[in-house]
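Work through the exercises below with the model open beside you. Try each task before you read its solution.

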Amino acid sequence: MKKTIIGLLALVTLGLAGCGGGGDKTDSADSAKTAKKETTAFTGEYIVNADYVKKNLDEIILVDARGEEEANKGTVKGATAIGWQNLAAVEEGASGDEKWGLVLEPAELAKRLGEKGIAKDKEVVLFAGAQKGWGDDGRIAWELLAAGYKDVKMVDGGFAVLKKAGLKTEVESTKLEPVTVKIDSIDQKHIIRTDELKKDYDDYKIVDVRDDKEYKGEVLYGEAKGGHLPEAIQVRFTDLFNSKGMLKSKAELTKLFEDAGLAKNDKIVTYCTAGIRSAYMELVMEMCGFKQVKNYDGSYYRWAKVEDVEK
């Protein structure tokens with residue numbers, strides 16, 4: 001199942017091209033507006049750009065959140081590789097089982113982070129594949145924050161923008177010296193589990209961040225059955241990004257969420273297949289002012305196995 005998730009297909013963003021003729025001036029104006037929107041950078045407490053990484057490379061722990069397999073095909077020099085599976089309960093059982101894919105217990109999580117050299121007193125900056133990936137950096141960032149790490153960031157645009165910015169690359173990730181990490185408990189503020197969601201279902205607006213095929217019922221990754229959670233609102237993970245693979249502006253994303261029927265004072269639950277893309281979505285929504293958002297890390301794998309779904 002690990003290989004199934006790691007091998008998830010990349011999604012392609014399509015654009016529409018306008019025609020010439022009597023509307024040339026309007027088309028040019030529209031194109032200029034679109035270009036302006038796409039150069040408006042997203043800003044938020046968990047987001048940095050490539051220039052920030054270049055300037056602070058010697059001071060941060062840089063993490064390739066795509067994992068060892070992808071990092072060994074090429075990564076930023078000095079980056080250590082960690083897959084989300086390293087920090088989740090996936091070794092035993094199968095997807096959809098009660099504890100499969102959930103955040104590890106504090107002692108085990110501390111042990112694994114310590115072995116990877118991820119010190120709590122350092123700034124941790126993660127990158128992954130942006131819109132061509134699966135939000136792996138968001139999942140790990142979300143988990144680190146829940147574990148008490150105070151200084152966690154993600155690179156807008158991911159590995160592609162770091163390469164474009166001229167950071168040196170290599171085909172083997174860096175092994176950091178082990179450190180001692182202490183985690184007393186996992187903060188549950190932005191985490192929800194199946195029993196709690198089922199009990200308080202009507203209190204939440206449920207956001208499905210998967211693609212159209214998944215939402216409409218196709219079984220692509222070994223789910224127990226196809227469909228989506230009852231009355232779930234679809235806001236695709238890929239819709240967070242513009243055509244250049246960068247996060248859209250905070251104003252654009254806020255409008256995206258509000259147009260979907262979400263208000264900043266709503267209690268919201270995000271989910272995907274295994275709580276990866278939805279963790280990224282939770283952090284983005286939080287940075288846009290939606291403060292009552294929880295990520296369902298059991299996600300569709302678990303719900304489809306034990307509860308009813310819609311198509």
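## Warm-up: one buried aspartate

Aspartate 297 has a relative accessibility of 1%, so this residue counts as buried. Keep in mind that the model is predicted.

## Exercise 1: The whole chain

**Task.** Describe the protein chain by its helices and strands, its buried share and its exposed area.

**Solution.**
1. Start with the elements. The protein chain has 12 helices and 12 strands.
2. Turn to burial. The chain has 311 residues, and 50% of them count as buried.
3. Look at the surface. The protein chain exposes about 15,100 Å². Carbon and sulfur atoms supply 49% of that area.
4. Check the contacts. Take those in the protein chain with a separation of 6 or more: residues 24 or more positions apart account for 78% of them.

## Exercise 2: Helix H6

**Task.** Find out how many of the 11 residues of helix H6 are buried, and name what covers them.

**Solution.**
1. Locate the helix. H6 spans residues 136-146.
2. Apply the cut-off. Buried means under 20% relative accessible area.
3. List the residues that pass. They are Asp136, Asp137, Gly138, Arg139, Ile140, Ala141, Trp142, Glu143, Leu144 and Ala146.
4. Draw the conclusion. Because 10 of the 11 residues are buried, H6 is largely enclosed by the rest of the structure.
5. Name the cover. It includes the helices H5 (106-115) and H11 (277-287). It also includes the strands S5 (123-127), S6 (152-155), S8 (191-192) and S12 (293-296).
6. Step just past the helix. There, glycine 148 takes a positive phi of about 100°.

## Exercise 3: Two buried residues and their contacts

**Task.** Place alanine 88 and isoleucine 191, then list what each one touches beyond four places in sequence.

**Solution.**
1. Begin with alanine 88. This residue is found in the loop between strand S4 (80-81) and H5.
2. Judge its burial. At 0% relative accessibility, alanine 88 counts as buried.
3. List its contacts. Alanine 88 touches Gly101, Leu102, Leu104, Arg112 and Arg139.
4. Compare sequence with space. Alanine 88 and isoleucine 140 are 52 residues apart along the chain, and their C-alpha atoms are separated by 9.6 Å.
5. Move to isoleucine 191. This residue is found in strand S8 and is buried, with a relative accessible area of 2%.
6. List its contacts. Isoleucine 191 is in contact with Val103, Trp142, Ala146, Ile186, Glu196, Lys294, Asn295 and Asp297.
7. Compare again. Isoleucine 191 and tryptophan 142 are 49 residues apart in sequence and 9.3 Å apart in space, C-alpha to C-alpha.

## Exercise 4: Salt bridges

**Task.** For the pairs glutamate 68 with lysine 116, arginine 193 with aspartate 297, and aspartate 266 with lysine 205, give the N to O distance and the parts joined.

**Solution.**
1. Get the total. The count comes to 21 salt bridges.
2. Take the pair glutamate 68 and lysine 116. Their side chains meet at 3.7 Å, N to O. Glutamate 68 lies in helix H4 (residues 68-71) and lysine 116 in the loop between H5 and S5, so the pair ties together parts that are 48 residues apart in sequence.
3. Check exposure. Glutamate 68 is partly exposed at 26% relative accessibility. Lysine 116 is partly exposed too, at 23%.
4. Take arginine 193 and aspartate 297. Their closest N and O atoms are 2.8 Å apart. Arginine 193 is in the loop between S8 and H8, and aspartate 297 is in the loop between S12 and helix H12 (299-306), 104 residues apart.
5. Check exposure. Arginine 193 is partly exposed at 27%, whereas aspartate 297 is buried at 1%.
6. Take aspartate 266 and lysine 205. Their side chains meet at 2.9 Å, N to O. Aspartate 266 lies in the loop between helix H10 (250-259) and strand S11 (268-271), and lysine 205 lies in strand S9, so the pair ties together parts that are 61 residues apart in sequence.
7. Check exposure. Aspartate 266 counts as buried at 16%, and lysine 205 as partly exposed at 31%.
8. Look for shared partners. Salt bridges join Glu68, Lys116 and Lys175 into one network.

Definitions and conventions: Residues are numbered from 1 along each chain as its sequence is written. This is a predicted model: local features need pLDDT of at least 70, side-chain atom pairs count only at pLDDT 80 or more; totals for chains, interfaces and linings use all residues. Side-chain values use heavy atoms; hydrogens and water are left out. Buried means under 20% relative accessible area, exposed over 50%, partly exposed in between (1.4 Å probe, protein chains only). Helices (H or I, at least four residues) and strands (E, at least two) are DSSP runs, numbered from the N terminus. Contact means heavy atoms within 4.5 Å. Accessible areas come from the Shrake-Rupley method with a 1.4 Å probe; for residues, only the protein chains shown count as cover. A salt bridge is a side-chain nitrogen of Lys or Arg within 4 Å of a carboxyl oxygen of Asp or Glu.
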